[in-house]
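Work through the exercises below with the sequence and coordinates open. Each task is followed by a solution in steps.

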Amino acid sequence: MPSNFPMKLPDTAPMPHAALAPPEESSTMIEVENLDFYYGQARALHEINISIPANKVTAFIGPSGCGKSTLLRCFNRMNDLVDIARIGKGRVRIHGIDIYDPDVDVISLRRQVGMVFQKSNPFPKSIYENITYGLEIQGISDRKRLDEVVEKSLRGAALWDEVKDRLHTSGLGLSGGQQQRLCIARAIAVEPSIILMDEPCSALDPIATSKVEELIQQLKGKYTIVIVTHNMQQAGRCSDNTAFFYLGKLIEFAKTEKIFTNPSQRQTEDYITGRFG
Ligand SMILES: Nc1ncnc2c1ncn2[C@@H]1O[C@H](COP(=O)(O)OP(=O)(O)OP(=O)(O)O)[C@@H](O)[C@H]1O
């Protein structure tokens with residue numbers, strides 16, 4: 001077991017046990033095994049088994065309170081920040097490494113597993129500084145290198161053309177959709193392997209939403225993306241695989257097309273056809 005979470009994850013991972021995975025997927029990035037999760041006495045996740053493939057978009061869907069965000073936050077240990085939160089049993093492995101092992105460096109982990117939230121949260125700093133912040137914390141101060149990362153990250157987040165002439169103005173001066181893309185640029189600046197997105201478009205208008213969705217399409221292949229969404233159309237448009245959760249349980253995980261056209265479980269069908277939720 002490494003004393004630090006590795007800075008760069010390899011591209012593929014073995015599957016040491018049979019977890020619920022969509023067929024024909026060979027490489028696993030995130031593997032959850034028999035995970036129970038509690039807030040105080042209340043069990044929020046029940047025996048979750050899922051293998052999330054590398055370099056694909058995986059959508060988490062399900063009615064409010066079913067545990068989607070809780071599971072997402074287990075992947076970069078954001079739940080550590082909640083006093084009453086705890087794992088009851090089970091494992092979360094990222095590229096085969098148990099990320100709850102006491103030897104894992106949580107800061108390194110969060111650098112590898114970036115997160116974009118429901119409400120965009122740029123720092124009250126310039127566009128440029130929003131991107132360079134994470135690098136400066138790593139001790140990178142070379143101006144030329146920082147300039148390169150800023151341009152590359154903003155291009156990667158499909159924002160460069162809109163902001164290249166105002167890099168030193170406040171990130172808070174951007175529109176809501178631009179701010180969300182700035183947050184995505186900030187996430188990719190530190191070169192994560194995984195990007196977690198918790199309802200990233202719920203505060204955006206349809207045009208800004210479609211830009212972020214296009215961006216998600218462009219980013220996949222390079223990053224493993226897990227997106228929580230309440231928007232069925234968005235899950236259908238953006239994701240390769242979809243996991244449906246209900247009352248803290250993973251009901252079904254399959255190719256998105258199958259979930260939306262021919263789900264195996266009655267509860268999945270009832271949810272996607274709008275019978276509940
Ligand atoms: N910080 C917390 N303290 C106590 N209980 C919590 C906390 N966060 C979530 N829960 C509870 O855990 C359960 C799962 O919540 P979670 O936010 O993961 O669901 P969700 O599917 O993401 O919901 P939504 O779609 O409404 O965001 C819910 O019963 C919720 O009330």
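The exercises concern a predicted model and cover an annotated domain, a ligand shell and three helix pairs.

**Exercise 1. Describe the chain over the stretch that UniProt annotates as "domain: ABC transporter".**

Step 1. The annotation comes from an unreviewed UniProt entry and covers residues 30-272.
Step 2. Over residues 30-272, helix makes up 37% of the chain and strand 27%.
Step 3. The C-alpha atoms at the two ends of this stretch lie 25 Å apart.

**Exercise 2. List the residues around the ligand and sort the shell by class.**

Step 1. The shell consists of Tyr39, Ala44, Gly62, Ser64, Gly65, Cys66, Gly67, Lys68, Ser69, Thr70, Val82 and Ile84.
Step 2. Sorted by class, five of these residues are nonpolar, six are polar and one is charged.
Step 3. Which helix gives the most to the shell? Helix 1, residues 68-74, does, with three residues.

**Exercise 3. Determine how helix 3 and helix 4 are oriented to each other.**

Step 1. Helix 3 spans residues 127-137 and helix 4 residues 143-156; their axes come within 9 Å and cross at roughly 115°.
Step 2. Angles of 65 to 115 degrees count as roughly perpendicular, so helix 3 and helix 4 are roughly perpendicular to each other.
Step 3. Their crossing is right-handed.
Step 4. On the helix 3 side, Tyr128, Ile131, Thr132 and Leu135 meet Leu146, Val149, Val150, Ser153 and Leu154 of helix 4.
Step 5. This contact has seven nonpolar residues, two polar ones and no charged ones.

**Exercise 4. Repeat the analysis for helix 6 and helix 7.**

Step 1. The axes of helix 6 (residues 176-189) and helix 7 (residues 206-219) come within 9 Å and cross at roughly 20°.
Step 2. Angles under 35 degrees count as roughly parallel, so helix 6 is roughly parallel to helix 7.
Step 3. Helix 6 passes helix 7 with a right-handed crossing.
Step 4. Gly176, Gly177, Gln180, Arg181 and Ile184 of helix 6 meet Ala208, Lys211, Val212 and Leu215 of helix 7.
Step 5. By class, the contact divides into four nonpolar, three polar and two charged residues.

**Exercise 5. Classify the pair formed by helix 3 and helix 6.**

Step 1. The two axes come within 8 Å and cross at roughly 30°.
Step 2. Helix 3 and helix 6 are therefore roughly parallel to each other, and their crossing is right-handed.
Step 3. Helix 3 contributes Ile127, Asn130, Ile131, Gly134 and Leu135 to the contact, and helix 6 contributes Leu182, Ala185, Arg186 and Ala189.
Step 4. Six of the contact residues are nonpolar, two polar and one charged.

Definitions and conventions. Residues are numbered from 1 along each chain as its sequence is written. This is a predicted model: local features need pLDDT of at least 70, side-chain atom pairs count only at pLDDT 80 or more; totals for chains, interfaces and linings use all residues. A residue is near a molecule or strand if its C-beta atom, placed from the backbone, lies within 6 Å of it. Ala, Val, Leu, Ile, Met, Phe, Trp, Tyr, Cys and Pro count as nonpolar, Asp, Glu, Lys and Arg as charged, and the others, Gly among them, as polar. UniProt positions are given in the numbering used here, feature names are shortened, and annotations may be inferred rather than shown by experiment. Axes are lines fitted to C-alpha atoms, for helices over the stretch in contact, and angles run from 0 to 180 degrees between N-to-C directions. Angles under 35 degrees count as roughly parallel, over 145 as roughly antiparallel, 65 to 115 as roughly perpendicular and the rest as oblique. A crossing is left-handed if the near helix is turned anticlockwise from the far one by less than a right angle, and right-handed if clockwise. Two residues are in contact if their C-beta atoms, placed from the backbone, lie within 7 Å.
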